[in-house]
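Have the sequence and the 3D view open side by side for this one. We'll start from a single residue and work outwards.

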Amino acid sequence: MKKEKMKRIMPVLRMKRERKKVKKVTRGLLMMKKILDLLRKKARRADSEEDADSDDSEDSDAGHDRTAIHEGDDNIRALLSQFNHDQQNRYEYYRRAAFQRTNIKKVMQTVANSAVSQTMSIVMGGITKVFVGELIETARTVMDEWKENGPIKPRHLREAYRRMRSVGLVPYAPHRGRRALRHYR
């Protein structure tokens, strides 16, 4: 009797688990779709502002852009000279790291249900890289506060994500209460 009941219940439980997985993936895809929409709006705004600016002064912008680039390089050099050895190593790894464009493009196409250009996948890869960098730095801060050394552990990442979400650095993340985080302890 128990075996028969279990045979009937197991497919239902599997379906429930699969539905939960689909809901999680769907939420992530919706978040990425909203980010894509925001990026498109910002790109349109930037294009329209560039057109307006280029009409005003075309010759004076070229010299100004070059000085801004050189000032940015000087600022980065000054910042890098202040890093300790560990920070320099982390920065080098950060500079070299990249997400595969094809994977990002696939995810974006499933979210947007349309073709995604290579440029958009590069931009999303950059945004993702910045987000992961922020998450890692926050996790390092958590480790310092907890007076722990060594590699970053999942509990540090969870705490860093929780802090970033509470401050509003995670876009489109619903605020969850204490009960939702109970199973992580």
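Is G125 buried or exposed? This glycine has a relative accessible area of 13%, and because the cut-off for buried is under 20%, G125 counts as buried. Keep in mind that you're looking at a predicted model. G125 sits in helix α5. Which residues does G125 touch, leaving aside its neighbours within four places in sequence? The answer is F99 and I104. Take I104 as an example: G125 and I104 are 21 residues apart in sequence, yet their C-alpha atoms are 6.7 Å apart in space.

**Elsewhere on α5**

Stay on the helix for a moment. S121 also belongs to α5, which covers residues 118-145. With a relative accessibility of 1%, S121 is under the 20% cut-off and therefore buried. Its side chain has a partner too: the side chain of S121 reaches the backbone oxygen of Q118 at 2.7 Å. Skip the neighbours within four places in sequence, and S121 is in contact with R101, I104, K105, M108 and V116. So I104 turns up in the contacts of S121 and in those of G125.

**Over to α6**

Now find helix α6, residues 154-167. How far apart should its ends be? The 14 residues of α6 should span 20 Å at 1.5 Å a residue, and the end C-alpha atoms are indeed 20 Å apart, so the two values agree. Right after α6 comes G168, with a positive phi near 105°.

The buried residues of α6 are H156, E159, A160, M164 and R165. What covers them includes α5. Two of them are worth a visit.

H156 is part of α6. Its relative accessible area is 0%, so H156 is buried. Not counting residues up to four places away in sequence, H156 touches A139, V142, M143, W146, E148 and P151. You can also check H156 against T138: they are 18 residues apart in sequence, and 8.5 Å separates their C-alpha atoms in space.

A160 is the other one. Beyond residues up to four places away in sequence, A160 touches L135, T138, A139 and V142. A160 also belongs to the largest nonpolar core, a set of five residues: L135, A139, A160, M164 and V170. Helices α5 and α6 each supply at least two residues of this core.

**Two loop residues with positive phi**

Here are two residues that aren't glycine but still have a positive phi. Try finding both in the 3D view.

| Residue | Phi | Where | Relative accessible area |
|---|---|---|---|
| N113 | near 55° | loop between α4 and α5 | 66% |
| K147 | about 55° | loop between α5 and α6 | 73% |

Are these two buried or exposed? The cut-off for exposed is over 50%, so N113 with 66% is exposed, and K147 with 73% is exposed as well.

**A look at α3**

Helix α3 runs over residues 85-96, which makes 12 residues. From its first C-alpha to its last it reaches 17 Å, close to the 16 Å expected at 1.5 Å a residue. What caps the N-terminal end of α3? That's N84, with a side-chain oxygen 3.2 Å from the backbone nitrogen of D86.

**Charges over rings**

Some charged side chains are placed over aromatic rings. The charged end of R96 sits over the ring of Y93, 5.9 Å from the ring centre. K129 does something similar with Y94: the charged end of K129 sits over that ring, 4.9 Å from its centre. And how many aromatic pairs does a search of the whole structure find? Just one.

**Stepping back**

Zoom out and take in the whole protein. It has six helices and zero strands, so reading along the sequence gives the pattern α-α-α-α-α-α. Of its 185 residues, 14% count as buried, and G125, S121 and H156 are each described as buried. Finally, think about who touches whom. Among contacts between residues at least 6 apart in sequence, 45% join residues at least 24 apart.

How values were computed: Residues are numbered from 1 along each chain as its sequence is written. This is a predicted model: local features need pLDDT of at least 70, side-chain atom pairs count only at pLDDT 80 or more; totals for chains, interfaces and linings use all residues. Side-chain values use heavy atoms; hydrogens and water are left out. Helices (H or I, at least four residues) and strands (E, at least two) are DSSP runs, numbered from the N terminus. Buried means under 20% relative accessible area, exposed over 50%, partly exposed in between (1.4 Å probe, protein chains only). A polar contact is a pair of N or O atoms within 3.5 Å; within protein, one must be able to donate a hydrogen and the other to accept it, and residues adjacent in sequence count only if both atoms are side-chain atoms. Contact means heavy atoms within 4.5 Å. The expected span of a helix is 1.5 Å times one less than its number of residues. A nonpolar core is a set of buried Ala, Val, Leu, Ile, Met, Phe, Trp, Tyr and Cys residues joined through side-chain atoms within 4.5 Å. Rings of Phe, Tyr and Trp (its six-membered ring) pair if their centres lie within 6.5 Å; planes under 30 degrees apart count as stacked, over 60 as edge-to-face and the rest as tilted. A charge sits over a ring if NZ of Lys or CZ of Arg is within 6 Å of the ring centre and within 35 degrees of the ring normal.
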